Amino acid sequence: MDKIEEINKLNEEILKCTRCPLYQFKKNYVPGDGDPNSKIMFIGEAPGRDEDIQGKPFVGKAGQVLTENIRNILNIDRKNVFITNVVKCRPPNNREPKEEEIKACSIWLEKQLEIIKPDIIVTLGHYSTKWIFEYFGLKFNSIMKDRGKIYKVNRWGKEVKIIPTLHPASTLYHKEWREFFDNDFKLIKSILN
């Protein structure tokens, strides 16, 4: 079975998930989107309103910021990377995901990682960075301390690079953070070349 078939099969499982109460409040599950054969994987925290409506990650205003940087800085079409979240259902009123929801839902992210086996993992914001760091046995400090650096781990018989950056939504509320976000993408670009 190739990666596309494996991800499609996994998505069918995700679309039936009742592991935490979030499934009761969502319009759509948001498993992930893009190319599972990509070398690069972006991981956010949880779907927002637009994502819940469309069933796709990062399609709202924050998604536009992310898509812009993928296209304009990395020179990659968004459909050629894989984008997902730690939590696959929207928390009510866009609240942050609770620890038990992350714990219940992260089985799906683990399975996505095992299928895709990316060379580069870009974590978007506090929750995904904390989760990925714990998963790979790295010490998480804070998103502001950990962002903009390359962390290397050995997994799947190769070196995997983890690059934490800000959640693109934060650049909408703190305009001055956009420069950090753009610089982190320039760092990603430097290792892609």
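This dialogue walks through the pockets, cores, strands and cavity of a predicted model.

Biologist: Where should I begin with the largest pocket, and which residues lie nearest its centre?

Modeller: Begin with volume and lining, bearing in mind that the model is predicted. The largest pocket has a volume of about 750 Å³, and of the 28 residues that line it, Glu 45, Asn 94, His 167, Ala 169 and Tyr 173 lie nearest the centre. Two or more lining residues come from each of helix 2 (49-54), helix 3 (61-72), helix 5 (126-135) and helix 7 (170-173).

Biologist: How many residues of each class are in the lining of the largest pocket?

Modeller: That lining has 12 nonpolar, 9 polar and 7 charged residues.

Biologist: Which residues line the second largest pocket, and which helix gives the largest share of that lining?

Modeller: The second largest pocket holds about 160 Å³ of space, and its lining consists of Glu 99, Ile 102, Lys 103, Ser 106, His 126, Tyr 127, Lys 130, Trp 131 and Glu 134. Helix 4 (99-116) and helix 5 each supply at least two of these residues, with the largest share, 5 residues, coming from helix 5. By class, this lining divides into 3 nonpolar, 2 polar and 4 charged residues.

Biologist: Why might residues spaced along a helix point the same way?

Modeller: An α-helix has 3.6 residues a turn, so residues three or four places apart point the same way. In the second pocket, the lining includes Tyr 127, Lys 130 and Glu 134.

Biologist: Is helix 5 mostly covered or mostly open?

Modeller: Helix 5 is mostly covered, with 7 of its 10 residues buried, where buried means under 20% relative accessible area. Those residues are Tyr 127, Ser 128, Thr 129, Trp 131, Ile 132, Phe 133 and Tyr 135, and they pack against strand 2, helix 4, strand 4 (120-124), helix 6 (143-146), strand 5 and strand 6. After the helix comes Gly 137, whose phi is positive, near 75 degrees.

Biologist: Which members of the largest nonpolar core touch the most other members?

Modeller: Of its 35 residues, they are Ile 43, Leu 113, Ile 121, Trp 131, Ile 132, Phe 136 and Ile 162. Helix 1 (3-14), strand 2 (40-44), helix 4, helix 5, strand 5 (151-155) and strand 6 (158-165) each give two or more residues to this core, and helix 4 gives the most, with 8 residues. A second, separate core has 20 residues, including Val 65, Leu 66, Ile 120 and Ile 188.

Biologist: What does Trp 131 touch?

Modeller: Leaving aside residues up to four places away in sequence, Trp 131 touches Val 86, Ile 102, Ser 106, Leu 109, Glu 110 and Leu 113. Trp 131 also belongs to the lining of the second largest pocket.

Biologist: Are the partners of strand 3 parallel or antiparallel to that strand?

Modeller: Strand 1 (residues 33-34) runs antiparallel to strand 3 and is joined to it by 2 bridges, with Gly 34 opposite Phe 82. Strand 2 runs parallel to strand 3 through 4 bridges, and here Ile 43 stands opposite Thr 84. Both faces of strand 3 (residues 82-85) are covered, since Phe 82 and Thr 84 on one side and Ile 83 and Asn 85 on the other are all buried.

Biologist: How many cavities of 30 Å³ or more are found in the whole structure?

Modeller: The search finds 1 cavity, with a volume of about 80 Å³. Its lining has 10 nonpolar, no polar and 2 charged residues, among them Cys 17, Arg 19, Lys 88 and Trp 108.

Definitions and conventions: Residues are numbered from 1 along each chain as its sequence is written. This is a predicted model: local features need pLDDT of at least 70, side-chain atom pairs count only at pLDDT 80 or more; totals for chains, interfaces and linings use all residues. Side-chain values use heavy atoms; hydrogens and water are left out. On a 1 Å grid over the protein atoms alone, a cavity is a set of points where a 1.4 Å probe fits but cannot get out, and a pocket is an open set with protein on both sides within 12 Å along at least five of seven lines; lining residues have an atom within 4 Å of a point. Grid points are joined across faces, edges and corners, and a volume is the space filled by probe spheres set on the points. Helices (H or I, at least four residues) and strands (E, at least two) are DSSP runs, numbered from the N terminus. Ala, Val, Leu, Ile, Met, Phe, Trp, Tyr, Cys and Pro count as nonpolar, Asp, Glu, Lys and Arg as charged, and the others, Gly among them, as polar. A nonpolar core is a set of buried Ala, Val, Leu, Ile, Met, Phe, Trp, Tyr and Cys residues joined through side-chain atoms within 4.5 Å. Buried means under 20% relative accessible area, exposed over 50%, partly exposed in between (1.4 Å probe, protein chains only). Contact means heavy atoms within 4.5 Å. Two strands pair if DSSP finds at least two bridges between them.
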